[in-house]
Structures are given as structure tokens and as C-alpha cells.
Amino acid sequence: GLSTFFFHEGDVGQVNKGTVDYILEKNMAVNATPSMTDYILELNHSNYRESDYGRLYLVCGGKLDDCFLPKLARIDSQELVEGKLKSSLVSLLDACRQTVHVDYFLIDSRAGFHDMAGIVTAQLPHGVVIFGKNSYQSWFGVEKAIETIANSQSDLPFAIIVDSGCGQNGVVSEGEKASFRKKSHEIFCSKFYSDES
């Protein structure tokens, strides 16, 4: 969905290919070297970065057209059969790094439990930021994500949880903040940290 965030409806035509296309094409032609100019977009607008502070690039999920969801479904089914998703993502990151100089990769994964989320939250990153709110549904997902992260790497990445609840009339009360912090602390102590300290 980042293409709809960074581009107005009339500008979405700038997005030709994305992560979904790369993974499908890489799996079909393993030795091919795709041109990353089809995938990498530079975000130049002053709303996203000040001119003196480096560069910001975006690789979208893909062109949001009638073909996008069938492509996404093919990736999920390929992963079940072939288990190549992690190596395809690593290949994409390496190709991006060889094309443009980057200091950090920020990966936005779609919500929920699926292969892509498992890889980008538990197997690849040095750090994870999880967004949740003070609801049963959110806590269930957050707890499972934290547990997966804790059990997936020998060197634990740092993990941060952000309260994305909007509160009453857009204002989060001190009580709601305290409740969110308390529940976050309980989950991290039981699922992530190795000891009480």
C-alpha cells in the first residue's frame, strides 16, 4: 500500500514493478539479473525528505492493478512448495544495495501471519517495530510476533512496540497509555527477555 501513500492517484503510473514482481521473476529465471531501475523509485518530494539529508528510495509491493492479488497468491503458494521466499528477499535487498547506496532498509510487511511476515520480522532484521493497540485481537498478534522473533534468531534483534490506538476522540488518555505499557512489559518479560533484569 505504500505506493498509494507516496503517490497521488494520477502519479501511481510511476510504479511499474515491485517486490511481488521481483520474487516471481527471480523464481522463474534464477540466473537473470533484472534491471533494478524498474523497481527502485527515488522519493524527491520535500514532504518526504529535506534536500540536505541524503536520499530516500522506495520499492513498492507492485503495481496495484487487477494482476496484483493473483501475483501475491502465487508467491504464497510458491513459498509453500519451494521455500524460496527468504533467498528471494535477500537477493532483492542485495540488488538494491548494488544499485543505490543505502544505509538502512525499512521493510513494511502486510499485517497478519503469513510467510512474508515471518521472514521480515524474524529471520532478516536487526530490529523490529511492531504496531499494536489495546485490544484482544491486537495483543494476540503482538504476543505471537514477539514470541516468533525471540525464537527465530540466536542474536535477538531489538524490538519496539508502538501504541497505534487512537483513543477517545483522537486523544489517548494517561490510563490507556499506562495499560498499554503494562501489557507490553508483561509480554516482553514472558516471551522475549531471558531473565527478570
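## A nonpolar surface patch

In this predicted model, Val 129, Phe 131, Phe 158 and Ile 160 form a nonpolar patch on the surface, with about 410 Å² of accessible area together (Shrake-Rupley method, 1.4 Å probe). The elements that contribute two or more residues to the nonpolar patch are β3 and β4, strands being DSSP runs of E with at least two residues. Patch members have over 30% relative accessible area and no salt bridge, and nonpolar side chains are joined within 5 Å.

Local features need pLDDT of at least 70 and side-chain atom pairs count only at pLDDT 80 or more, whereas totals for chains, interfaces and linings use all residues. Residues are numbered from 1 along each chain as its sequence is written, and side-chain values use heavy atoms, with hydrogens and water left out.

## Strand β3 and its partner

Along β3 (residues 127-132) the side chains alternate, with Val 128, Ile 130 and Gly 132 pointing to one face and buried (under 20% relative accessible area, 1.4 Å probe, protein chains only), while Gly 127, Val 129 and Phe 131 point to the other face and are not buried. Val 129, in strand β3, is partly exposed (between 20% and 50%), with a relative accessible area of 45%.

β3 pairs with β4 (residues 158-163) in the parallel sense over six bridges, where pairing requires at least two DSSP bridges; the bridge partner of Val 128 in β4 is Ala 159.

## A buried serine in α4

Ser 88 lies in helix α4 (residues 85-99) and is buried, with a relative accessible area of 3%. Leaving aside residues up to four places away in sequence, Ser 88 touches Tyr 22, Ile 23 and Asn 27 (heavy atoms within 4.5 Å).

Key:
Helix = DSSP H or I, 4+ residues; strand = E, 2+ residues; numbered from the N terminus. Patch = residues over 30% accessible without salt bridge, like charges linked within 9 Å, V, L, I, M, F, W, Y side chains within 5 Å. Salt bridge = Lys/Arg side-chain N within 4 Å of Asp/Glu carboxyl O.
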